2 protein chains.
Amino acid sequence: MTFPVVGMVGGGQLARMTHEAGIPLGLKFKLLSDTPQDSAAQVVSEVVIGDYRDLDTLRAFAQGCDVITFDHEHVPIEHLRALEADGIPVRPGPDALVHAQDKGVMRAKLTEIGAPCPRHRIVSDPADAAAFAEEVGGFPVILKTVRGGYDGKGVWVVRSEADAADPFRAGVPVLAEEKVDFVRELAANIVRSPHGQAVAYPVVESIQVDGVCDTVIAPAPDLAEELAGEAQQLALRIAAELDVVGHLAVELFETRDGRILVNELAMRPHNSGHWTMDGAITSQFANHVRAVLDLPLGDPRPRAPWTVMCNVLGGDYPDMYQAYLHCMARDPQLKIHMYGKDVKPGRKVGHVNTYGDDLADVRERARHAADYLRGTITE
Amino acid sequence: MTFPVVGMVGGGQLARMTHEAGIPLGLKFKLLSDTPQDSAAQVVSEVVIGDYRDLDTLRAFAQGCDVITFDHEHVPIEHLRALEADGIPVRPGPDALVHAQDKGVMRAKLTEIGAPCPRHRIVSDPADAAAFAEEVGGFPVILKTVRGGYDGKGVWVVRSEADAADPFRAGVPVLAEEKVDFVRELAANIVRSPHGQAVAYPVVESIQVDGVCDTVIAPAPDLAEELAGEAQQLALRIAAELDVVGHLAVELFETRDGRILVNELAMRPHNSGHWTMDGAITSQFANHVRAVLDLPLGDPRPRAPWTVMCNVLGGDYPDMYQAYLHCMARDPQLKIHMYGKDVKPGRKVGHVNTYGDDLADVRERARHAADYLRGTITE
């Protein structure tokens, strides 16, 4: 059979779950991973160990791949252009990915296409950050290094000019943004294929704790239908304008005055879409793979009225397997997704999904399982 | 983390799909496969290539496995006893598996525990087969070699004594069974754990074509509730009496006079349970893995009113991937499961699942996709 070879750069849990979703399609999956212990490297047959920052490594890896896609957004753009020049399809391509790599480029482009953003500009030093604060009504403001941040890293809430020194130490440009008065965070997730087909998942509510995604509720409770539609349209438009291929997560603020503003973009399967593994007809991972292969996309609709995802963070108790006994016995419908990672306090090592008709019940079940696995509750 | 290592003997599609189901649980999966091209060997990280009929190979493979389970029932029973003597848990164990390996042993045991079976006895030669036919009301009767058959192989419908020579040529005992006047075939699938917990899936209808499973409908349409309950109770009782651990498929005849009779037993995930991958809260593969690890079992209930599975057999057209375009575009809810096997006419190379509220529609969608993938229809 002439089944294609999907080359996945990066061995994290997103690669692991993409592999899982690719197995039923009969795809051949090839992984470029930093170490053999990485989450995906544990479960994939064909693994190349190497550094994605090295072009020769990437070129050798890409040999025999029909398409290259990503577990993360950190591959240097110039390397991606070199692969494209070699004739390897790279999806999403460098012209799209640059917007997920560089928050300055992202804000400029979103502003250009009229996508609603917090007020923002690049600032040159703490005094300039103070000037920006003045422009948007005063401190606090948000400072972000334009590259290299994730899960709250590379982001500072700054309350004074004296407070604003840290972000500039990294030596990369610093983006200042107004601190948005939001009531909650949402995510509009879509998948788009090279030929332009796109599907939109229900807009979800994403609850962060200490800058890390904690809980996702699908669909977002009590979200006005009009605002949900607006968020989906916005994500579809961003994907089309930026020529995104694959999964695009548009993280949004819902403001107190009823608007949505774009917070971040992620051009890969995303934590806010993990609920789809058990809660949607087609998971984000299955649709991401279908998109990068330019296959028709699968139905994104939910299978249950409510699905809740809770991340499982590492705690002090390293033996999560032992906790399966209680969690599985307590809730035979619970869906556990572990990533094969060593437990370190605060590290995302897995997630759980629950679904059903009663949101309070669904949410309690997910919360309980995540807490029990982490070891913060013992019954 | 102290996650266990599951050793899977056999590299076919059942092993492939069990691996897929084990990934979310964070298990370590180790495969003993005949060749690196086998269905499961293509997608598993840790593969040992070797012959399961060789005890030294099995012993070396079992090193470092916390439990051994199976893709098929062909591992010699004495080897399994040797592994057990080495202290390796073997699930299902040899005392159970012998009933799935040897149809003579199976019939004797089922008769002993009062499970309803077609009339049967071991016959010694064609003349004895003719004598058996006389006892059950005349030809035709069914002759089966007690070992080595599957998918219709090793089974003969015999219409005369002259017709009865073939089964005896293999040199293994031959079991004669009455040809049951059945209206359809059913399967009662259950999963049982070492500590005795068990779950029963809805009883399904299984439609065979040329002795090979073609379509499975879950639940079996118009099956009397009482008969469905009786079938589930029967499967649970057989599992308990035979001390089965893991998935047990009890293939049944529904007779014209409203009884059920046991046709075959399979002690592993089974084709009649493939619908559970998309149609049940917990798939047969996930529950098989949970059972062999003695974890609490997952909810076996269906997620949709109807789920239909159709096997995809090899046809004359080898490029099934190209057929994805049409199938996925026509039915965005279609679930394709391909096994990575080369296409050979009549070979099971995958299956499709569909689900929904309207059985006629669900069935038409699965039928269409399977036929299109095989190449017997072109639109």
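Between which two strands of chain B is the loop that holds B:Ser193? In this predicted model, B:Ser193 sits in the loop between strand 9 (182-192) and strand 10 (198-200) of chain B. The close-up views below begin with that residue.

**Figure 1. Surroundings of B:Ser193 in the loop between strand 9 and strand 10 of chain B.** B:Ser193 has a relative accessible area of 0% and is therefore buried. Its side chain is joined to the side chain of B:His195 by a polar contact of 3.1 Å. Apart from neighbours within four places in sequence, the residues in contact with B:Ser193 are B:Val245, B:Ala291, B:Asp294 and B:Leu297.

**Figure 2. Relation between chain A and chain B, with A:Ser45 beside the rotation axis at 2.1 Å.** Chain A is superposed on chain B by a rotation of 180° with 0.0 Å of shift along its axis, and the RMSD is 0.0 Å. This relation is therefore that of a two-fold axis. The same surface serves both copies, as 100% of the contact residues of chain A recur in chain B. Among the residues of chain A, A:Ser45 comes closest to the axis, with its C-alpha at 2.1 Å.

**Figure 3. A:Glu177 and A:Glu264, two of the positions that UniProt lists under "binding site".** The unreviewed UniProt entry lists A:Lys103, A:Lys144, A:Glu177, A:Glu178, A:Lys179, A:Val180, A:Glu185, A:Asn263 and A:Glu264 under this heading. A:Glu177 belongs to strand 8 (residues 174-178) of chain A. With a relative accessible area of 2%, A:Glu177 is buried. A polar contact of 2.7 Å links the side chain of A:Glu177 to that of A:Arg107. Beyond four places in sequence, A:Glu177 is in contact with residues including A:Pro118, A:Arg119, A:His120, A:Phe132 and A:Lys144. A:Glu264 is part of strand 14 (residues 260-266) of chain A. A:Glu264 is also buried, at a relative accessible area of 15%. The side chains of A:Glu264 and A:Lys103 form a polar contact of 3.2 Å. When residues up to four places away in sequence are not counted, A:Glu264 touches A:Lys103, A:Met106, A:Lys144, A:Ala249, A:Val250 and A:Glu251.

**Figure 4. Crossing of helix 4 and helix 5 of chain A.** The axes of helix 4 (residues 94-101) and helix 5 (residues 103-112) of chain A come within 5 Å and cross at roughly 110°. Helix 4 of chain A is therefore roughly perpendicular to helix 5 of chain A. Helix 4 of chain A contributes A:Val98, A:His99 and A:Gln101 to the contact, and helix 5 of chain A contributes A:Lys103, A:Val105, A:Met106 and A:Lys109.

**Figure 5. Packing and ends of helix 5 (residues 103-112) of chain B.** B:Lys103, B:Gly104, B:Met106, B:Arg107, B:Lys109 and B:Leu110 are buried in this helix. The buried residues of helix 5 of chain B pack against helix 4 (94-101), strand 5 (120-123), strand 6 (141-145), strand 8 (174-178), helix 7 (225-242) and strand 14 (260-266) of chain B. At the start of helix 5 of chain B, a side-chain oxygen of B:Asp102 comes to within 2.8 Å of the backbone nitrogen of B:Gly104. Just after helix 5 of chain B, B:Gly114 has a positive phi of about 80°.

**Figure 6. A:Arg365 in helix 11 (residues 359-374) of chain A.** A:Arg365 is buried, with a relative accessible area of 10%. Its side chain reaches the backbone oxygen of A:Tyr355 at 3.3 Å. Neighbours within four places in sequence aside, A:Arg365 is in contact with A:Arg330, A:Asp331, A:Gln333, A:Leu334, A:Thr354 and A:Tyr355.

**Figure 7. Backbone geometry at B:Pro92, B:Pro140, A:Asp294 and B:Asp243.** Most residues other than glycine have a negative phi, and most peptide bonds are trans. The peptide bond from B:Arg91 to B:Pro92 is cis, with omega near 0°, and B:Pro92 occupies the loop between helix 3 (77-85) and helix 4 of chain B. A cis peptide bond also runs from B:Phe139 to B:Pro140, with omega near -5°; B:Pro140 is in the loop between helix 6 (126-135) and strand 6 of chain B. A:Asp294, although not a glycine, has a positive phi of about 60°. A:Asp294 is placed in the loop between helix 9 (284-292) and strand 15 (306-313) of chain A and is partly exposed at 27% relative accessibility. B:Asp243, likewise not a glycine, has a positive phi of about 55°. B:Asp243 is in the loop between helix 7 and strand 13 (246-255) of chain B, and a relative accessible area of 46% makes B:Asp243 partly exposed.

Notes:
Residues numbered from 1 in each chain as written. Chains lettered and ligands numbered in written order. Predicted model: local features only at pLDDT ≥ 70, side-chain atom pairs only at ≥ 80, totals over all residues. Heavy atoms only, no water. Least-squares fit on C-alpha atoms with pLDDT ≥ 70 in both. Contact = heavy atoms within 4.5 Å. UniProt positions renumbered as here; feature names shortened; annotations may be inferred. Helix = DSSP H or I, 4+ residues; strand = E, 2+ residues; numbered from the N terminus. Buried < 20%, exposed > 50% of the residue type's maximum accessible area, 1.4 Å probe, protein only. Polar contact = N/O pair within 3.5 Å; in protein donor to acceptor, adjacent residues only side chain to side chain. Axes fitted to C-alpha atoms, helices over the stretch in contact; angles between N-to-C directions. Parallel < 35°, antiparallel > 145°, perpendicular 65-115°, else oblique.
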